[in-house]
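Biologist: I'm new to this one and would love a guided tour. Could you put it up so that we can go through it together?

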Amino acid sequence: MINMSQKTIRARDPAIRSNLYKLLSIGFRYPTPGIFKTFQNGKFLDELMYNISAIPELNAFMAEHSLMIDDEKDVMKGMTLAEFGIRFIRTFDTGKPVPPCSPYEGHYCSKPRSMIMLEVSEFYNFFGLRMSQEEGKREFPDYICVELEFLHFLTFKEGEAIGEGKEEKLYLMAQKDFLERHMIQWVPKFCLKLQNSDVPFYAGLARIASGFITCEFELLTGNVHKSNML
């Protein structure tokens, strides 16, 4: 977790956006005991909202959601990891024909899921990324946490390019294309389903994810359009 007292942030900083994608990816995964502790003591939500506060376009959204944060924290304080795990599995992993809130893009699109997985894998492969084949770490490429992790990578590389005085447009274009072709097509639907979750933590996390992704897509689309006009 970042040290908030020592971190100075500026608007639209790629590092802040990268942090947000990383935190959202962590938030939607089955938590380790250490991560669950940060859910329970409120540190995870505090860090998430701190990063959101650095994005001016999300200030109104933050003001609205911050009213719900205390309630979400209170519910988490009274929940054990075992109870949380049961609710996680009931929400994301079990159900016929699919779980109530499936975290896989292929369950929200009209295309065959195999085609979706191939398309997102091609994005990863273009940047030299491969899905882990290590036992216990294998995941499907259309998993929401993997897609968020990919955007974390792209925004990190954007910031790295800026820091080295290199052109960052490749990473901006990739973010815009990936959001447009994939995440914006299904994540808002996934997040809407989570509003009926019996875990307020995930309902809140979903609102943040949907709001942030929508904001990112709108800003990136505008910036790419302006650069093409020059």
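Biologist: What share of the area that the protein chain exposes do carbon and sulfur atoms supply?
Modeller: Keep in mind as we go that this is a predicted model. The protein chain exposes about 11,700 Å². The share of it supplied by carbon and sulfur atoms is 57%.

Biologist: Thanks! How many helices and how many strands does the protein chain have?
Modeller: Reading along the sequence, you meet the pattern α-α-α-α-α-α-α-α-α. The secondary structure therefore comes to 9 helices and 0 strands.

Biologist: Which helix gives the most to the largest nonpolar core?
Modeller: As a general point, nonpolar side chains tend to be buried together in soluble globular proteins. Here the largest nonpolar core has 60 residues, and those with the most contacts inside it are F28, I144, F190, F201 and Y202. The helix that gives the most to this core, with 11 residues, is α9.

Biologist: Let's look at A209 then. Is A209 buried or exposed?
Modeller: You will find A209 in helix α9, residues 200-229. Leaving out residues up to four places away in sequence, A209 touches L24, F28 and C191. Its relative accessibility is 1%, and the cut-off for burial is under 20%, so A209 counts as buried.

Biologist: How far apart in space are A209 and L148, C-alpha to C-alpha?
Modeller: L148 is one of the buried residues of α7. In sequence, A209 and L148 are 61 residues apart. In space, their C-alpha to C-alpha distance is 9.7 Å.

Biologist: How far apart are the end C-alpha atoms of α7, and what span should its 20 residues have?
Modeller: Helix α7 covers residues 144-163. At 1.5 Å a residue, and counting one less than the number of residues, its expected span is 28 Å. That agrees with the distance between its end C-alpha atoms, which is 29 Å.

Biologist: Which residue with a positive phi follows α7?
Modeller: Look just past the helix, where the phi is near 70°. The residue there is G165.

Biologist: One more topic, the cysteines. How many disulfides does the structure hold?
Modeller: A disulfide needs two cysteine sulfur atoms within 2.5 Å. For C101, the nearest cysteine sulfur is that of C191, 9.5 Å away, so C101 is in no disulfide. For the structure, the number of disulfides is 0.

Biologist: And is C101 buried or exposed?
Modeller: C109 makes a handy companion here: at a relative accessible area of 24%, C109 is partly exposed. C101 has 4% relative accessibility, so C101 counts as buried.

Conventions:
Residues numbered from 1 in each chain as written. Predicted model: local features only at pLDDT ≥ 70, side-chain atom pairs only at ≥ 80, totals over all residues. Heavy atoms only, no water. Helix = DSSP H or I, 4+ residues; strand = E, 2+ residues; numbered from the N terminus. Buried < 20%, exposed > 50% of the residue type's maximum accessible area, 1.4 Å probe, protein only. Contact = heavy atoms within 4.5 Å. Core = buried A, V, L, I, M, F, W, Y, C linked by side-chain atoms within 4.5 Å. Areas by Shrake-Rupley, 256 points an atom, 1.4 Å probe, with all protein chains shown as cover.
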